[in-house]
Each structure stands twice: as C-alpha cells, then as structure tokens.
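Open the model in your viewer and keep the selection box handy. We will go from stop to stop, and at each one you will get something to select and a note on what is there.

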Amino acid sequence: MHGGCQDQNCLTFKLSKSGCGFSVLKSCCLQNYIPPESLTLSCPVCRQTSILPEKGVCALQNNFFITNLMEVLQRDPECSRPESCSVLESVSAAAAGKPLCCPNHEGKVMEFYCESCETAMCLDCTEGEHREHVTVPLRDVVEQHKAALKTQLDAIRSRLPQLTAAIELVSEISRQLNERKNDAVAEITSTFEELERVLHQRKTALITDLENICGAKQKVLQAQLSSLLQGRDHIQSSCSFTEQALSHGSATEVLLVQKQMSERVTALARHDFPERPHQNAHLDCQVETEGLRRSIQNLGVLVTTAAVAHTSVATGEGLRHAATGQHHTVTVTTKDKDGELVRTGNAVLKAEILSADGNRAAEAEVTDNKNGTYEVGYALRSEGEYSFALMLYGQPIRGSPFRLRAVKPSDVPQSPDDVKRRVKSPSGTGGHIRQKAVRRPSSMYSTTKKKENPIEDELIYRVGSRGREKGEFTNLQGISASSNGRVVVADSNNQCIQVFSNDGQFKMRFGVRGRSPGQLQRPTGVTVDMNGDIVVADYDNRWVSIFSSDGKFKNKIGAGRLMGPKGVAVDKNGHIITVDNKACCVFIFQSNGKLVTKFGGRGTSDRQFAEKLGPNLNKSGSVFSPHFVAVNNKNEIIVTDFHNHSVKVYSADGEFLFKFGSHGEGNGQFNAPTGVAVDANGNIIVADWGNSRIQVFDSTGSFLSYINTSADPLYGPQGLALTSDGHVAVADSGNHCFKVYRYLQ
C-alpha cells in the first residue's frame, strides 16, 4: 500500500486511513487486493487493520492531494529516476509553480480545503458535493496544518534514538542467544563425541579382556587336551602292538616281548591321565544398560527462563535502609514480559553496591530459591549513601539502582511497635506481647508520600464490644462477606455465627453450643459459598458445618479427618478449602464431603507449616501454624503460615508455587500473619497479628502498602474479608469487634 500502483491504467486513487501514513492504492488495486466479503483492509506493509465503509472500497474517500502528487511525479521530465525523488521535493515542486488540479473538474485548481472531509478541492467542488461542508481557502490552513504536522513529526522523531537503542539491545540479545545456542550445540556435540570415545574405549577394553580370559582358559584346556590325546595314542598303539603279537607272533616272539609289553601296559593302566576338565566354559558378558539408558535419557539439562528485568521487582527494607554491621536481605521476584511470575530459578542475577565515589562497598550474595525468587544478602561496614544495583541478564530490574542509606544501629529510630504491651494469643492464652497499632511514623523505614504508599484507607465503622448479646462478641475469629451484601462473623467463644448488613446493621444470629451435628463448639473460620450457604470451621468439634443462608443446619463434612479446622474458603469449583490448624495441613473437600486431596504437614519447608513447641503455650504444649485461607481469581490457594511468618501460595491441586514474607516489623514482614483476602485485581491483603496491622501485597507477594488503622488501632486482628461494596472487614479479636475500612483498589 505504500507508494504508487504499477498499473498505469488506473486513474482514480483512494486513501485508506491505516497506520502507514500515506497509504495509497488505486481503486482497482484495492478491489483486487481485498476479498468482496471483507469488512476490513489490512496494509501489506505495516499490517495495520482499517475498517472499510459499509459500501466497501468504492466508498473510500478520494485523496486529491495524492492524485495530483502522482501526476507531478509522472510529468517531471528532468528526473531520470523518478523513484529516487522524495515526496517532499515533489510537493515543493508542485507548490512552487505547478498547481495541483482537481481530478473531478478538469482544469480547475484546488484552492479550498474541506475541514469535514480533510481534503483539498476546487471551487466547483465547494458548490457541489461539499456545498454543505465548511470550506476555507487552502492558503489559510496550510501553515496551521504544516505546524501541526511538524509538531507531530518532532514528537515521533524524538522516539527514534530510543527505538534505535532498543533495536540494538534486542539485536544484541538475539545475537547472544544464537551465540549461546551455538555454544550449547558445540558443547552437546563435544560431550557426546567424548562419550562415544569413552564408550568405544570401554568396548575395546572389554573385548581385549575377553580375548585374554578366553586365551588363558584355552591354554589350560589345550594343554589338558594334548595330554589326553597323547595318552590315548599310547594306549591305542600298545593295544595294537600287543594284539598283533598275540595273534601273529610265534611262541618265541611272544616270550621275548612279554616282559616289555607287560611293563608298558601296566604303566599305562596305572598312569593318572587328566580326565576331569581343568577349566570350564563359563565366559559371559554382563552389561547393565537399564540404569545407563535412564542416565542417558536424562543426560543434559537445558537451562533457561523467561524472566526479564523491566517487570521483575525487589522488595525488603534492605533496598533503601541498612544498619551497619548487620546482615540485610532483599527478595527479588522475577517476572516475564507480561508481568507473570516466573516459577523456575537459574536466572542470571547480579547485585552491586557502590559507595558515593563509585567504589564497591560490599559483596552481595545471591541465593537462588529455585522458584523464581532470589534472596540478595549483604552487610555494610560504614555509614553513608550507597547505590544498590540489581541487574537481571545485564539489565536493571524495575527501580534499580536503588538509593541505599546506612546508619549505625544505635541511630535506627524505634517504632512505637517496639513498646511491649500484653496481648492475648490467638489460642486465648497469655504470654504474648501486645503491640500498639499505629501508623508507622515518617522515618528511615517509611514515608507518608502517596507515591510510596498508594493506598490511603480509613475506618468507616466498627461494630461490637465484649459481651454475649446480639452484636456483641467474645474472641471473634473468622469473618466473611457474601455477594448479596452481608457480613458473616464467627463469634468463637460465644459459640455462634452473627450476620450483619454491609453498613453494620445486625440481621441475625444462629448456633447452639454442643457437640452434636448442627451445634457449635468453637467456630473459628467462616465463608459463604456460591449458593449463599454459610460454611463454618468448628475447631473443637473437628468438622466443618454447612448452614443455609437463614442459619438452618444442612450438613457436616470432615468428621474423622480433621483435627482442628481453623480457616475455610470456597474455590471456583465449589470445593471447600479447609486449613487444619492442628494437623498443619490443608484439606480440599467436595461440597458433599468427599475428600479431593490434602497437602502440607509439620515442618519448615515450603510445602509445610511450622509448629511451635514449648511449655505453657497450650494444653498440648504447642501452637499450630496454618491459620486462614483465601482463593484468588486463578483458583490458587493462599495460606497464612503463622509461625513461619509467611504467606504461602499453592495451585488448586496443592502444588507449592511461592511464598513471601519474613519475621520482622518492616514493610512486607510479619509477626505471625492470620487473616487473608484477595481483591479483584489479585492483590493479597494480610492481617499481621503480632504487628497489629493490615498489609497489602500484589499478586506476586511484592509489598504495596498498609491500611491506615490509626483512627481506631487494631488489637490482634484475625479474619479478613472484602465486602461486596469493596471495603475491607477485619475481625479485631482483641477489641471484641469487627471493623470496616475504606479500601481503594
């Protein structure tokens, strides 16, 4: 479509508004190029697709400027190579002394411009098909349009250096990729040629050993065989001689040889011939090939990732602030070009910390977690400002290089959270520290700038106080929200479920204390399924109860399997995901109670959940770890690991995907996480029990912000939920109430 058509018989030109700039084809060319039933036009050069008018190609607007421009190019007698003349030179020639004629009115010069059709025309055109359009003299708009085009031209030309640099970079990566591929091919070829050489050597050695063993055995057997053959010959000759002498010899002859023959025969009769074999024929070759075959089939691993630097992120206090002499870590999460988490390791990640004068200040150690995340550890000796660069495949990750400030440990400002206060543990026993929940102050560890704290939220309302009446709670635990505007709360020590509207109005309560089906002993987790049924995790009854939306008991599941169900959620398939706090694992049930699968166990590995042992923690001497659960829009399962101070993400089948968080008070760190919820964008909201706050992370676990709870501080938050109108509801267990905060997604 770029340039002119080679068919000189075509007289009418059409302009297609594609992305190519001047995109022209003669009408017959377009009609030949585009199928009759097509509704769109695709430029063969830039592949931009344009929508055709309802009547097809014939309804495309005439471009008189291009028509006359082509006429100028065709009638230039002084140009021996018309194709080498630039379009702008032809335009200048036309403007200088060769006015462009109207193709619809022969001999008429185009002197007017139609703003509606954005085209030039002659006087007759203004009185004809354009009579109802706004037309102005061409000279009045030329400069205006030229200036606008020049501005656009300057803007797009300014991108050329960036595109050139990008082209060079991508070309270099492509060259390196081919180079590495060729190196890998050479390595594979060399390795297998070496293996073939070694195999051939081994083959030769085996055959040589075989020949030697066989030769040695044959030497023994041949010597024995020679001895036996010689003995047989002696006996046969003696027998033949003696028989002839007896048969044909005279009496005198027999008497003369009798003594000699008797001695010889006697000697042969007594001779010990080697009649038993001195060797055996056992000679086999045993080659164990099955293991070798398996090894060969698995020989060689191709290592690569889809990780790119511009989408990969780093999190952790160590990015910006450090205390001298202390070890700090930063977590790098690699992502592909679409921002999706890369779930394999082996990416080439390098870290460099430079002082203000450009010298290397510390050695950074990179640990590959083999799941797409990396831990970068370092320690600085001196105070000052540093540049912290994180390079993935030679390119800076998002935000790199980071400005890093190091101070003495004594100069690190204390957070109000460092002040110790008593607080109840989630199990209801003492022995833990109550930490005042206030918004983190402006310090080296935080900022009030909206850029770095984009989610500004506030308390909308709170409901409840300590008690046993309607709207009162005693150690509430789980909280959930339904799509029809209800908030459902598990009132643990009151052995009941309470239901409220989205604006906090009490609606109903149900539940009777007891250990029979339909009764509640210690409800901890609660959720609402897609049918509106209320699903309750009953910790002490060791089962999950299902109630209708009006509180009528329908069924119980998990009895005989569960040891201490804590959190509960429902996935897109209607499966009931139950966190067994005591068994340190997660059960997935069908709604009818049939077990689909379970995963987890006690331990500190990625697939396991921690169990804290010790005296005076509870009656059994231990506090169990997994608490609450949520399901995101990918049907992935998100579990808070209380004593591992982390949040773990699993596939719908229970396969470990990744985790985030560590023990501490910094952004992205936890002191025993409890409740968890996921918003429509996949962001993960976590109740940080020991730090009495709520943190917000993106779908890959990178810290985003925290919810402002300073208006009414939290006191050991437990369950979390997102209401149908997009707010965050949290069970404030220590304050015996639930609170709803404004949440900007």
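Before the tour, one term: a strand here is a DSSP run of E with at least two residues, and strands are numbered from the N terminus. With that in mind, select Leu-722, which belongs to strand β43, residues 717–722. Please remember throughout that you are looking at a predicted model.

**Stop 1: around Leu-722**

Show what surrounds Leu-722. Leaving aside neighbours within four places in sequence, Leu-722 is in contact with Ala-481, Ala-677, Val-678, Asp-679, Ile-685, His-727, Val-728 and Tyr-743. Now add Val-740, which is 18 residues from Leu-722 along the chain; their C-alpha atoms are separated by 9.2 Å.

**Stop 2: the whole chain**

Zoom out and colour by secondary structure. The protein has eight helices and 45 strands. Of its 745 residues, 42% count as buried. Among contacts with a separation of 6 or more, 51% are between residues 24 or more positions apart.

**Stop 3: the long helix α6**

Select residues 160–248 to pick out helix α6, which has 89 residues. From its first C-alpha to its last, α6 reaches 126 Å, close to the 132 Å expected at 1.5 Å a residue. Which residues of α6 are buried? Highlight Lys-217, Gln-224, Gly-231, Ser-238, Thr-242 and Ala-245 to see them. Then add α7, residues 251–270, which is part of what covers the buried residues of α6.

**Stop 4: strand β3**

Go to residues 40–42, strand β3, where you will find Leu-41. Is Leu-41 buried or exposed? Its relative accessible area is 2%, so Leu-41 is buried. Select Gly-56 as well: it is 15 residues from Leu-41 along the chain, and the two C-alpha atoms are separated by 9.6 Å.

**Stop 5: the nonpolar cores**

Select Leu-380, Phe-388 and Leu-390, which have the most contacts inside the largest nonpolar core, a set of 25 residues. Several elements give two or more residues to this core: β8 (308–315), β10 (327–335), β11 (349–355), β14 (373–379), β15 (384–392) and β17 (402–407). The largest share, four residues, comes from β15. Apart from this core lies another, of 17 residues, including Leu-341, Phe-628, Leu-657 and Phe-658.

Return to Leu-390 and show its contacts. Beyond residues up to four places away in sequence, Leu-390 touches, among others, Val-330, Val-376, Ser-400 and Phe-402.

**Stop 6: unusual backbone spots**

Most residues other than glycine have a negative phi, and most peptide bonds are trans. Here are three places to compare with that.

- Select Ser-400 and Pro-401: the peptide bond from one to the other is cis, with omega near 0°. Pro-401 is in the loop between β16 (395–396) and β17.
- Select Lys-370, in the loop between β13 (365–368) and β14. Lys-370 has a positive phi of about 65° although it is not a glycine. At 52% relative accessibility, Lys-370 counts as exposed.
- Select Ala-672, in the loop between β38 (656–660) and β39 (673–678). Its phi is also positive, near 75°. At 4% relative accessibility, Ala-672 counts as buried.

**Stop 7: aromatic rings**

Show the aromatic side chains; the structure holds 17 aromatic pairs. Why is the pair of Phe-697 and Phe-703 edge-to-face? Their planes are at 80°, and planes over 60 degrees apart count as edge-to-face. The ring centres are 5.9 Å apart. Phe-697 is buried, with a relative accessible area of 0%, and Phe-703 is buried too, at 19%.

Next, select Tyr-461, Phe-473, Phe-500, Phe-506 and Phe-738 together, and you have one aromatic cluster. Two charged residues are also worth a look here. Arg-522 lies over the face of Tyr-539, at 4.7 Å from the ring centre. The charged end of Lys-556 sits over the ring of Trp-543, 4.7 Å from its centre.

**Stop 8: a record to compare**

An unreviewed UniProt entry lists "repeat: NHL" at residues 462–503, 507–550, 551–592, 625–653, 657–700 and 701–744. Finish by selecting residues 625–653. How much of this stretch is helix and how much is strand? The chain is 0% helix and 55% strand there, and its end C-alpha atoms are 21 Å apart.

Key
Residues numbered from 1 in each chain as written. Predicted model: local features only at pLDDT ≥ 70, side-chain atom pairs only at ≥ 80, totals over all residues. Heavy atoms only, no water. Core = buried A, V, L, I, M, F, W, Y, C linked by side-chain atoms within 4.5 Å. Buried < 20%, exposed > 50% of the residue type's maximum accessible area, 1.4 Å probe, protein only. Contact = heavy atoms within 4.5 Å. Expected span 1.5 Å × (residues − 1). Phe/Tyr/Trp six-rings, centres within 6.5 Å; stacked < 30°, edge-to-face > 60°. Lys NZ or Arg CZ within 6 Å of the ring centre and 35° of its normal. UniProt positions renumbered as here; feature names shortened; annotations may be inferred.
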